[in-house]
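User: I'm new to this one and have a few quick questions. Can you put it up so we can go through it?

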Amino acid sequence: MTIEAASSLHRPIKIWTDSLSSLVTILNPKSHNSMVREIQTLLLSHKHIHLRWIKDHVGYLGNECAGQLAKEAITKGIPFLLPEPLSYLKSEIRSAALSIWPDNRDNGETGRSTHDIVPRVSNKPVGWNREEIMFVTGHGPFPSYLQSSNT
């Protein structure tokens with residue numbers, strides 16, 4: 001990583017990138033991405049390193065060369081693994097859950113009262129609010145309340 005290499009030097013270093021989205025991500029103090037957090041930690045502990053943005057495709061020789069090298073690495077199949085973004089992982093987990101859930105729900109032994117009210121699995125609203133479903137299915141505080149009033 002360029003920042004790690006620059007951290008051993010003790011003179012002002014400017015690292016130029018044409019990826020404005022990367023710079024914005026690195027500047028986000030709320031990021032939970034481990035790679036971003038690592039970069040933030042390095043930059044905070046090495047104040048002599050400065051990140052700068054450069055416009056892409058306008059003829060800056062070093063930038064054009066870096067772009068060409070990146071293209072060659074991709075076409076030659078040089079492996080470079082990046083972790084999947086959190087949004088992608090959430091989407092994959094949601095899809096997997098929605099594909100498994102209907103079968104488990106339809107063939108399960110529990111949740112029959114809910115199954116009768118909400119017959120199919122979806123992550124879309126069903127037209128019933130939470131309290132109505134709790135009351136009709138007998139979940140929540142309602143059974144104990146009704147039972148204590150009958151005595």
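User: Where is leucine 86?
Analyst: Leucine 86 is in helix H5, which covers residues 86-107. Keep in mind that this is a predicted model.

User: Is leucine 86 buried or exposed?
Analyst: Leucine 86 counts as exposed, with a relative accessibility of 52%. The cut-off for exposed is over 50%.

User: And how far is leucine 86 from asparagine 33?
Analyst: Their C-alpha atoms are separated by 7.9 Å, although the two residues are 53 apart along the chain.

User: Back up a bit. What is the secondary structure of the chain?
Analyst: The chain has eight helices and two strands. In sequence order the pattern is α-β-α-α-β-α-α-α-α-α.

User: What about confidence, where is it highest and where is it lowest?
Analyst: Helix H2, residues 20-27, has the highest mean pLDDT, at 90. The lowest is in helix H8, residues 142-150, with a mean of 52. The average over the chain is 77, and 87% of the residues score at least 70.

User: How much of the chain counts as buried?
Analyst: Of its 151 residues, 17% are buried. The exposed surface of the chain comes to about 12200 Å², and 61% of that is supplied by carbon and sulfur atoms.

User: Which residues make up the largest nonpolar core?
Analyst: There are nine: Ile3, Ala6, Ile13, Ile15, Ile26, Ile39, Leu42, Leu43 and Ile49. Helix H1 (2-7), strand E1 (13-17) and helix H3 (34-45) each give two or more residues to this core. H3 has the largest share, with three residues. In soluble globular proteins, nonpolar side chains tend to be buried together.

User: Since H3 came up, what does glutamine 40 touch?
Analyst: Glutamine 40, which is in helix H3, touches Thr25, Ile26, Leu27, Asn28, Pro29 and Ser31, leaving out residues up to four places away in sequence. One polar atom of the glutamine 40 side chain lies 2.8 Å from the backbone oxygen of asparagine 28.

User: Why does glutamine 40 count as buried?
Analyst: Because its relative accessibility is 11%, and buried means under 20%.

User: Switching to strand E1. How does threonine 17 count, exposed or buried or something in between?
Analyst: Threonine 17, found in strand E1, counts as partly exposed because its relative accessibility is 22%.

User: What is threonine 17 in contact with?
Analyst: Leu23, Arg52, Trp53 and Ile54, setting aside neighbours within four places in sequence. The threonine 17 side chain also reaches the backbone nitrogen of serine 19, at 3.0 Å.

User: And how far apart in space are threonine 17 and asparagine 63?
Analyst: They are 7.8 Å apart, C-alpha to C-alpha, with their positions 46 residues apart in sequence counted as separation.

User: What share of the contacts join residues at least 24 apart?
Analyst: Among contacts between residues at least 6 apart in sequence, 48% do.

User: Last one, helix H4. What span should it have, and what are its end C-alpha atoms apart by?
Analyst: Helix H4 runs over residues 61-75, which is 15 residues, and at 1.5 Å a residue it should span 21 Å. The end C-alpha atoms are 21 Å apart, so the two agree.

User: What comes just after H4?
Analyst: Glycine 77 is found just after H4, with a positive phi of about 75°.

Definitions and conventions:
Residues are numbered from 1 along each chain as its sequence is written. This is a predicted model: local features need pLDDT of at least 70, side-chain atom pairs count only at pLDDT 80 or more; totals for chains, interfaces and linings use all residues. Side-chain values use heavy atoms; hydrogens and water are left out. A nonpolar core is a set of buried Ala, Val, Leu, Ile, Met, Phe, Trp, Tyr and Cys residues joined through side-chain atoms within 4.5 Å. Buried means under 20% relative accessible area, exposed over 50%, partly exposed in between (1.4 Å probe, protein chains only). Helices (H or I, at least four residues) and strands (E, at least two) are DSSP runs, numbered from the N terminus. A polar contact is a pair of N or O atoms within 3.5 Å; within protein, one must be able to donate a hydrogen and the other to accept it, and residues adjacent in sequence count only if both atoms are side-chain atoms. Contact means heavy atoms within 4.5 Å. pLDDT is the predictor's confidence in each residue, from 0 to 100. Accessible areas come from the Shrake-Rupley method with a 1.4 Å probe; for residues, only the protein chains shown count as cover. The expected span of a helix is 1.5 Å times one less than its number of residues.
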